[in-house]
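Me: I've got a structure open and want to talk it through with you. Mind taking a few questions?

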Amino acid sequence: MNALFAPGFFTNGIVHSALIVGAVVAVVAAIVGTFTVLRAQSFAGHALGEVGATGGSAAILAGTNPLWGFIGIAVVAAAAIELLGVRQPRSRDLATGLVLGAGLGLAALFLYLGATSQSTTGASITVLFGSLFVVSMQMVPSIVALSIVALAIVLVCYRWLLLTSLNPDLAAARGVSLRLVSALYLLALAIAVSLSAETIGAVLSTALLVGPPAAALRLTKRPTAALVVAAGIGVLATWLGILLAYDSYTWPPSGRGWPVSFFIVVFVFCFYLLAQLHGRKLTRG
Amino acid sequence: MFSSFMVNTWVAASIVAVVGGVVGFFVVLRSSAFVAHAIPHGAFSGAAGAALLGLNTVFGLGVFALAGALGISALGRKGRHDVATALGLVVMLGTGSLFLSWSAVYAPQIYALLFGEVLGVSRAELWPIAGLAVICLVAIALVYRPLMLNSIAPELGEVRGVRDRLIETAFLLVVALATSMTVPVVGALLMFSLMVAPAGAARSLSDRPSAAIAWSIAIALVTVWAGIALSYALNWPLGFFVGTLGAALYGLGRLVGTRRRRLVLPTA
C-alpha cells in the first residue's frame, strides 16, 4: 500500500485541493473539448490557453488576481479570432495564428517588464507550465463557478452545437445561426481553457482539452457516451498523474519531485494510443 | 545600432526572415499554422534537455524539432491532423517540463529561448544558421512543384502521382529545420509568427505564387529589421515586436489588398 500511495497522500491538504481542482478542470475540459475535437478547433483551444497566459502575466505585473487576467484576455482573443476568421476554416487557421502571435508578443513584453520591475524571472515558467500543487483552497469557489458557466453554455446549446459540428449544412437549413453558435462555443472554450491554463498551465490545458475527447471519440460513436468516457479518462489521467507526482518526491535525481504536468500528459497520451489501438480493432472486427 | 557586435545580429535576422517568408508562404497556403507553432514551441523542450546534458542547445532543438515533425506526421495518418498536432506538442512540452525540473537552467536563459535574444548571435553561430537556411531553401526548391500542387489541389496532385503523405512529411521536416536555426534568434514562441503574419499579408496582396513569396520575404524582412531597431532602442524583447508588428502588417496588407481589388473590380 505504502509503495503505491506514499505516506501522507490522503491527509495532505495540498493534495486534496489538487485532486478536487484537477477533477473539476478535467471534467470541464473533457466536455468542452469533445466539441473542440468534433469541430477541429484544437488550434483555437491551444491558442486561447497560451494567449490567456498573456493576461496572466499582465495581471501579475498589475498585481491583481491572474485568473481574471487569463479570462479577460482569452475572451478578447476569442472575439478577435471569430471576427478575423469568419469566412472559412482556412482563414480561421490564419486568424488563430495571428491572434496567438500578437498575444505571445504581448506576453513577452509583460514578462520582461515584470522581470525588470519585480525580479520575478520565474514567472515565465510558472505562467506557461503551471502546477496543480500551487492551487490554493481559496481559489476553488471561483474555479467551480466559472466551470459552471462554461458547462451551462455547452449544455444550453448542446443540440445546436452537435448539429453544427457534425452537419453544418443541415443546421443552416434548419435555421440555426452558425455564427451565433460558433461565437457562443468560442466563449465557452475561452472560459474553460483559460480556467485550466491558469490552474494547471497552458500545456496541460491543451492536453486535457484534446487528448481524452479524441480517445473517447475513438471508443464510441454516440456523443453523450463520448462526453462521459472523455470526462472519465480526463479525471483518471489527472488523478494518476497527481499520485505519481506525489510519489516522485523520493525519486532521483533531485528530490524535488517530478512535475505533475509531465505525468498527466504521459497518461493522456497513453490513453489516446490505447483507444486508437482498440478503435482499430473495433472497425476491423 | 550598427556597431560591429550588432552586424551578426542583422545578418542572422535577415537570413531568418528570408527562410520564414518562404516557408511561411506554404504554411499559410496549407493552413498549417498550428504545426508551424507546435514544432518550434515543442522543440524548446529539446533545448532544455540539451542544457541538462551540457550539449549545444541548437543540437537539442534540432533533435526535438525533427522528432516532433516525424511524430506529428505519423500520428496524423491515423487521426485528425489538429488532434495529432496538439498531442505531439503537449508530449514534447511535458517532457520539457521534466527536463526543466531536473536541471538548474537559468530563468533568463529560458526566457531568451522562448522570446528571442537579439544580442546573442556570435560569428561562430552565423555559419550553422546560414548552412541550415541554404538547406531549407534548396529543399523547398526541390519539392516546389509537387508541394504547390499538393497544397492547392491535393486530389489533382494525387492523380498526377504526388504522394500526399510524403509531401506532408517532407514539408514538416523543412519546418523543423527552419525551427532549429531560427529559435535561438527569434525565440520558440515567436518564430511561427514570422512564418504566419508576413505570408498571410502577402496572400492578400497577390494571387500569383512568385509575387506572393516575394512580398512575404519583403514583409518578413521589414518586420525583423524594424523589430531589431526598436528592440535595440527600447531594450524590449524582440518577440514582442515580431508578434505585434506582424499582426499590424497583416492588417495593413489586408486593407491594401481589399482596396486594390475594389479598384480592379469597381462593380463588385
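Me: Which residues does B:V23 touch, not counting residues up to four places away in sequence?
Reply: Keep in mind that this is a predicted model. B:V23 is listed with B:V175 and B:V196 among the residues that touch the most other members of the largest nonpolar core. Leaving out anything up to four places away in sequence, the residues B:V23 touches are B:C136, B:I140, B:V174, B:V175, B:A178 and B:M195.

Me: Which helix of chain A gives the most to the largest nonpolar core?
Reply: That core has 191 residues, and A:V32, A:L189 and A:V265 are among those touching the most other members. The top contribution from a helix is 14 residues, and the helix is helix 4 of chain A.

Me: And how many residues does helix 4 of chain A give to the side of chain A that touches chain B?
Reply: The contact takes 44 residues from chain A and 47 from chain B. On the chain A side, helices 2, 4, 5, 10 and 12 each supply at least two residues. By class, that side has 27 nonpolar, 14 polar and three charged residues. Helix 4 of chain A gives the most, with 16 residues.

Me: How are helix 7 and helix 9 of chain A oriented to each other?
Reply: A:W160, A:L161 and A:T164 in helix 7 meet A:L178, A:V181 and A:Y185 in helix 9. Five residues of that contact are nonpolar, one is polar and none is charged. The two axes come within 10 Å and cross at roughly 110°. Angles of 65 to 115 degrees count as roughly perpendicular, so helix 7 and helix 9 of chain A are roughly perpendicular.

Conventions. Residues are numbered from 1 along each chain as its sequence is written. Chains are lettered from A and ligands numbered from 1 in the order in which they are written. This is a predicted model: local features need pLDDT of at least 70, side-chain atom pairs count only at pLDDT 80 or more; totals for chains, interfaces and linings use all residues. Two residues are in contact if their C-beta atoms, placed from the backbone, lie within 7 Å. Helices (H or I, at least four residues) and strands (E, at least two) are DSSP runs, numbered from the N terminus. Ala, Val, Leu, Ile, Met, Phe, Trp, Tyr, Cys and Pro count as nonpolar, Asp, Glu, Lys and Arg as charged, and the others, Gly among them, as polar. Axes are lines fitted to C-alpha atoms, for helices over the stretch in contact, and angles run from 0 to 180 degrees between N-to-C directions. Angles under 35 degrees count as roughly parallel, over 145 as roughly antiparallel, 65 to 115 as roughly perpendicular and the rest as oblique. A nonpolar core is a set of buried Ala, Val, Leu, Ile, Met, Phe, Trp, Tyr and Cys residues joined through C-beta atoms within 7 Å. A residue is buried if 20 or more other C-beta atoms lie within 10 Å of its own, exposed if 12 or fewer, and partly exposed in between; C-beta atoms are placed from the backbone.
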